[in-house]
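Biologist: Please take a close look at one part of this model, a loop residue of your choice and its surroundings, and describe it in one connected account. I work at the bench, so please give the cut-off behind each term that you use.

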Amino acid sequence: MGFSVSGSAAILFIAAFVSVGILYSAAFNGFERVQDANNARNDRVLTAKNTVVEVANTTYDSVNDTVTVNATNNGSTTLSVSQTDVLVDGEYVTDSAYVSSSVDGNSQTDLWLPGETYSVIVPTGSAPTRVKVVTGTGVTATEVV
């Protein structure tokens with residue numbers, strides 16, 4: 001065995017070592033990203049399980065063609081008012097269309113803490129038959145008017 005055989009074997013060994021190092025790094029980074037995604041999903045599922053919303057009552061005002069929705073946060077999760085949506089008869093009502101909204105009388109807050117009641121007045125064209133409140137965590141509560 002001459003130097004050319006030993007040199008080429010050394011080059012092949014170094015190339016194989018570098019290739020395994022690159023493959024290991026790529027596989028580990030991919031595994032780490034999957035683990036991070038699973039952890040984030042588990043956190044979202046736990047938050048959704050700890051979210052309980054109940055529509056306490058709805059009142060239709062035929063004079064102003066509005067419906068007042070009062071929903072209570074009965075879970076242990078703090079919710080965001082800006083991430084809470086209202087659907088009237090299956091149609092989405094934008095936040096800018098609300099006549100007013102407040103949490104326990106405070107219209108300046110974005111936090112809807114456990115035990116508090118979110119009250120929103122929504123314009124309607126006629127008497128609604130169903131109102132749905134959808135939280136940012138995806139938990140819903142429906143009330144038949």
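Modeller: Buried means under 20% relative accessible area, exposed means over 50%, and partly exposed covers what lies in between, with a 1.4 Å probe and protein chains only as cover. By that rule Thr135 is buried, because its relative accessibility is 3%, and I take this residue as the centre of the account. The model is a predicted one, in which local features need pLDDT of at least 70 and side-chain atom pairs count only at pLDDT 80 or more, whereas totals for chains, interfaces and linings use all residues. Residues are numbered from 1 along each chain as its sequence is written, and side-chain values use heavy atoms, with hydrogens and water left out.

Thr135 sits in the loop between E9 and E10; helices (H or I, at least four residues) and strands (E, at least two) are DSSP runs numbered from the N terminus. Once its neighbours within four places in sequence are set aside, Thr135 is in contact (heavy atoms within 4.5 Å) with Thr51, Val53, Leu79, Gln83 and Thr84.

Thr84 deserves the next look. Its place is in the loop between strand E3 (79-80) and strand E4 (85-88), and Thr84 is buried, because its relative accessibility is 0%. A polar atom of the Thr84 side chain lies 2.8 Å from the backbone oxygen of Ser80. Not counting residues up to four places away in sequence, Thr84 touches Thr135 together with Asp95, Tyr98, Trp112, Tyr118, Val133 and Val134.

Val134 comes up in that list, and it belongs to strand E9. With a relative accessible area of 18%, Val134 counts as buried. Although Val134 and Thr84 are 50 residues apart along the chain, their C-alpha atoms are separated by 5.6 Å. Beyond four places in sequence, the residues that Val134 touches are Gln83, Thr84, Asp85, Leu87, Val139 and Thr140.

The strand pattern puts these contacts in context, where two strands are said to pair if DSSP finds at least two bridges between them. E4 and strand E9 (residues 130-134) run antiparallel and are joined by four bridges, and within this pairing the bridge partner of Leu87 in E9 is Lys132. On to the next pairing: E9 is joined to strand E10 (residues 140-144) by five bridges, again in the antiparallel sense, and there Val134 has Thr140 in E10 as its bridge partner. The hairpin of E9 and E10 has five residues between the strands, and among them Gly138 takes a positive phi near 95°.

Another hairpin can be set beside this one. Strand E1 (residues 53-61) and strand E2 (residues 66-73) pair in the antiparallel sense over eight bridges, with Val55 standing opposite Ala71 in E2. Four residues lie between the strands of this hairpin, where Asp65 takes a positive phi near 50°. In general, most residues other than glycine have a negative phi. Two further aspartates in loops also have positive values: Asp89, with phi near 50°, lies in the loop between E4 and strand E5 (91-93), while Asp104, with phi of about 50°, is found in the loop between strand E6 (100-103) and strand E7 (111-112). Asp89 counts as partly exposed, because its relative accessibility is 34%.

For contrast with the buried centre, consider some residues of helix H1 (residues 3-49), which holds Ile22. Ile22 counts as exposed, because its relative accessibility is 57%. Val18 also lies in helix H1 and is partly exposed at 44% relative accessibility; its C-alpha atom is separated by 65 Å from that of Val99, which is 81 residues away along the chain. Asp36, another residue in helix H1, is partly exposed at 48%, and from Asp36 to Phe13, 23 residues apart in sequence, the C-alpha to C-alpha distance is 35 Å.

To return to the starting point, Thr135 is a buried residue at 3% relative accessibility, and among its contacts is Thr84, itself buried at 0%.

Conventions: A polar contact is a pair of N or O atoms within 3.5 Å; within protein, one must be able to donate a hydrogen and the other to accept it, and residues adjacent in sequence count only if both atoms are side-chain atoms.
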